[in-house]
Amino acid sequence: MTLAQDILAGNREITEEEALNILHSKKDWWSIFAAAVYLKNQVTQNSLRLNVLLSAKQGICNEDCGYCAQSRRSKEKIEKYGLVPNAVILKKAILAKKNHASVFCIALSGTKPSKREVNQLCEIIPTIKNRLGLEICLSAGFVDDKQLAQLKSAGIDRINHNLNTPRENYCKIATTHNYDDRCATLERVNEHQIDVCSGFICGMGETDEELVELAFDLKSRNPFSIPVNFLLAIEGTPLEGKNELTPLKCLKIMVMMRFIFPNKELRLSAGREKHFDFLQPMALLLVNSTFLGDYLTEEGENKNVDLDFFKNLALNIENY
């Protein structure tokens, strides 16, 4: 608790050694968890923001990311389509608003968006913001400077570009791009003064030490929001069947992230339904936001079940 109080008072930040100790904690674990809940409660009380994700362009990707059903290495049979019409995007945004979302996330598969795709998105972004008041986060790969300037002018709130896995582990997960390529994209987003949404996926063979290093590297990039995902080992991908996570390990990761990012929007993301099991309510007490509904190619929990779940935890849903 002393560490949490010192962090809140602005006297110090958690060190990498202390972060690693959280992942390895045993006898003092529950007091550490309680301190993390205290830390979150002092900053944003019991509030929870909901994000709804639209897979607006799916499949059709030349990247070889080992975790993704849309990659060129995947044998998983998924629906493939180009960027959906703006009428469809608007309809999905309206549904997101009706389901009490604060953030509407638009995801495009592929290495980077085309000029036509960016032009189309820049037509619909102002409409969504003006009519619905939703924040918009775009995940579209390695966006360049010209595209970022155009998207900023259209009113984009946030660009999502995850670091995914530690530098040392990256070559085992993807070879068509590397860790530095992702870091360079985040630097461009920051240079254009657009909020960064960036996190990672746990359970892809990284060590605890590598995970801590990744979290602190991410911190240095000043993200607005940090989505923490837990591997969904999709059938037909190179990581099919991989499962090295336990509910307690997942919870410890979220506690560590709360200490590293005390004042940021920490998001419990893909895999929460599978990996946390009976500890999921405890994880939700630590975070500022989560996804409602489906992910890119994988189904999430039924939205009505989730909304009841959040309500029973006495979480204050923004826009509810």
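Is Cys197 buried or exposed? In this predicted model, Cys197 is buried, because its relative accessible area of 2% falls below the 20% cut-off.

**Annotated positions**

Cys197 belongs to a set that UniProt, in an unreviewed entry, lists under the feature "binding site", together with Cys105, Cys137 and Arg267. These positions are spread over 163 residues of sequence, yet they cluster in space, with a largest C-alpha distance of 13.5 Å. Cys105, Cys137, Cys197 and Arg267 also take part in the lining of the largest cavity.

The unreviewed UniProt entry further gives the annotation "domain: Radical SAM core" for residues 46-272. This span is 39% helix and 18% strand, and 19 Å separates the C-alpha atoms at its ends.

**Two cysteines of the set**

Cys105 and Cys197 are set out below by strand and by relative accessible area.

| Residue | Strand | Relative accessible area |
|---|---|---|
| Cys105 | strand 2 (residues 103-108) | 7%, buried |
| Cys197 | strand 5 (residues 195-197) | 2%, buried |

Neighbours within four places in sequence are left aside in the contacts that follow. Cys105 touches the run Asn51, Val52, Leu53 and Leu54, and is also in contact with Cys137 and Phe291. For Cys197, the contacts include Arg158, Ile159, Asn160, His161 and Asn162. Ser225 and Pro227 are also in contact with Cys197.

Some of these contacts join annotated positions to one another. Cys137 is in contact with Cys105 and with Cys197, and Arg267 is in contact with Cys197.

Notes. Residues numbered from 1 in each chain as written. Predicted model: local features only at pLDDT ≥ 70, side-chain atom pairs only at ≥ 80, totals over all residues. Heavy atoms only, no water. UniProt positions renumbered as here; feature names shortened; annotations may be inferred. 1 Å grid on protein atoms, 1.4 Å probe; cavity = no way out; pocket = protein on both sides within 12 Å on 5 of 7 lines; lining within 4 Å. Helix = DSSP H or I, 4+ residues; strand = E, 2+ residues; numbered from the N terminus. Buried < 20%, exposed > 50% of the residue type's maximum accessible area, 1.4 Å probe, protein only. Contact = heavy atoms within 4.5 Å.
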